[in-house]
Amino acid sequence: MPRSRVITWEVSESRGIETAWIQLGGDALRARGRAVGTVPQPYWISYELDTADAFVTRRLYVTAESAQGVRTLDLRHDGAGRWTANGARLPEVDGALDCDLGLCPLTNTMPVLRHGLHLASGKREFLMAWVSVPDLAVLPSRQTYLHLGHGRIRFVSGDFRSDIEFDDDGLVVDYPALAARLGRSAERGPLGRVQ
């Protein structure tokens, strides 16, 4: 049975805030979100994310508005490892299964859930279709996820490293140096348990 969540994060890296409306069901995730940031410049973001089986990204549609104007990105994965951005092929990210929207804690969820890394030991390396914010350029990003304990994962990409806390649904609670969930003590899941 699908579960719905609404989560708001304070995004310290952008000095902003993000809210995501999330649906988790079986091995798929759908979400839409809004974010506003002030670093590197004032901007707002609106996105829709849709995954296929095994939480593999199917589509990420993003609109960004900043002083440079309004930009949109329609990032699609064909299910066979090939990507397009606004219809143009992106061979540099071929083989990636996931998108990673910059400054967005939600997009760390898909690889974590696919491999159960928030609940069981393991280490995985991934190629991501990383989307920079607010310009919406798509670049390849190599990332490593290492299970440290229940709900704790070490994230490494290049010289960047952070030990991220996830809830049992595989959603970010605290991502040091990037974002922290607001109102987490008031969040209640099934049966009234605090998430």
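This passage walks through a few spots in a predicted model, from its last strands to its salt bridges, cysteines and core.

A good place to start is serine 162, which sits in strand E13, covering residues 160-166. With a relative accessibility of 4%, serine 162 counts as buried. Setting aside residues within four places in sequence, serine 162 is in contact with Ile153, Arg154, Phe155, Tyr175 and Pro176. One of these, proline 176, also offers a polar partner: its backbone oxygen lies 2.9 Å from a polar atom of the serine 162 side chain.

Proline 176 itself is found in the loop between E14 and E15. At 35% relative accessibility, proline 176 counts as partly exposed, whereas serine 162 is buried. Leaving out residues up to four places away in sequence, proline 176 touches Ser162, Asp163 and Ile164. Glutamate 13 is 163 residues away from proline 176 along the chain, yet their C-alpha atoms are separated by 9.5 Å.

Next come the strands around these two residues. E13 pairs with strand E14 (residues 172-175) in the antiparallel sense, over 2 bridges, and phenylalanine 166 stands opposite valine 172 in E14. The two strands form a hairpin with 5 residues between them, and glycine 170 in the turn has a positive phi of about 80 degrees. E14 in turn runs antiparallel to strand E15 (residues 179-181), again joined by 2 bridges. Here aspartate 174 stands opposite alanine 180. E14 and E15 form a hairpin too, with 3 residues between them; in this turn alanine 177 has a positive phi of about 75 degrees.

Then there are the charged residues. Side chains of opposite charge can pair when their charged atoms come close. The structure holds 12 salt bridges. One of them joins aspartate 169 to arginine 3, with the closest N and O atoms 3.2 Å apart. This pair links distant parts of the chain, with aspartate 169 in the loop between E13 and E14 and arginine 3 in strand E1 (residues 3-11), 166 residues apart. Aspartate 169 counts as buried at 11% relative accessibility, while arginine 3 is partly exposed at 35%. Aspartate 167 forms a salt bridge with arginine 181, the closest N and O atoms being 3.0 Å apart. Since aspartate 167 is in the loop between E13 and E14 and arginine 181 is in strand E15, this pair ties together parts 14 residues apart in sequence. Both aspartate 167 and arginine 181 are buried. These four residues belong, along with Arg5, to a network of salt bridges.

What about disulfides? The structure holds 0 of them. Cysteine 99 has its closest cysteine sulfur in cysteine 104, but the gap is 8.1 Å, so the two are too far apart for a bond. Cysteine 99 is buried, with a relative accessible area of 0%, and cysteine 104 is buried as well, at 3%.

Finally, the largest nonpolar core has 50 residues, and those touching the most other members are Ile22, Ile45, Tyr47, Leu60, Leu75 and Leu106. The largest share of this core, 5 residues, comes from strand E10 (residues 123-131). Among the well-connected members is isoleucine 45. Not counting residues up to four places away in sequence, isoleucine 45 touches Gly33, Arg34, Ala35, Val62, Thr63, Ala64, Val133 and Leu136.

Terms used. Residues numbered from 1 in each chain as written. Predicted model: local features only at pLDDT ≥ 70, side-chain atom pairs only at ≥ 80, totals over all residues. Heavy atoms only, no water. Helix = DSSP H or I, 4+ residues; strand = E, 2+ residues; numbered from the N terminus. Buried < 20%, exposed > 50% of the residue type's maximum accessible area, 1.4 Å probe, protein only. Polar contact = N/O pair within 3.5 Å; in protein donor to acceptor, adjacent residues only side chain to side chain. Contact = heavy atoms within 4.5 Å. Pairing = 2+ DSSP bridges. Disulfide = S-S within 2.5 Å. Core = buried A, V, L, I, M, F, W, Y, C linked by side-chain atoms within 4.5 Å. Salt bridge = Lys/Arg side-chain N within 4 Å of Asp/Glu carboxyl O.
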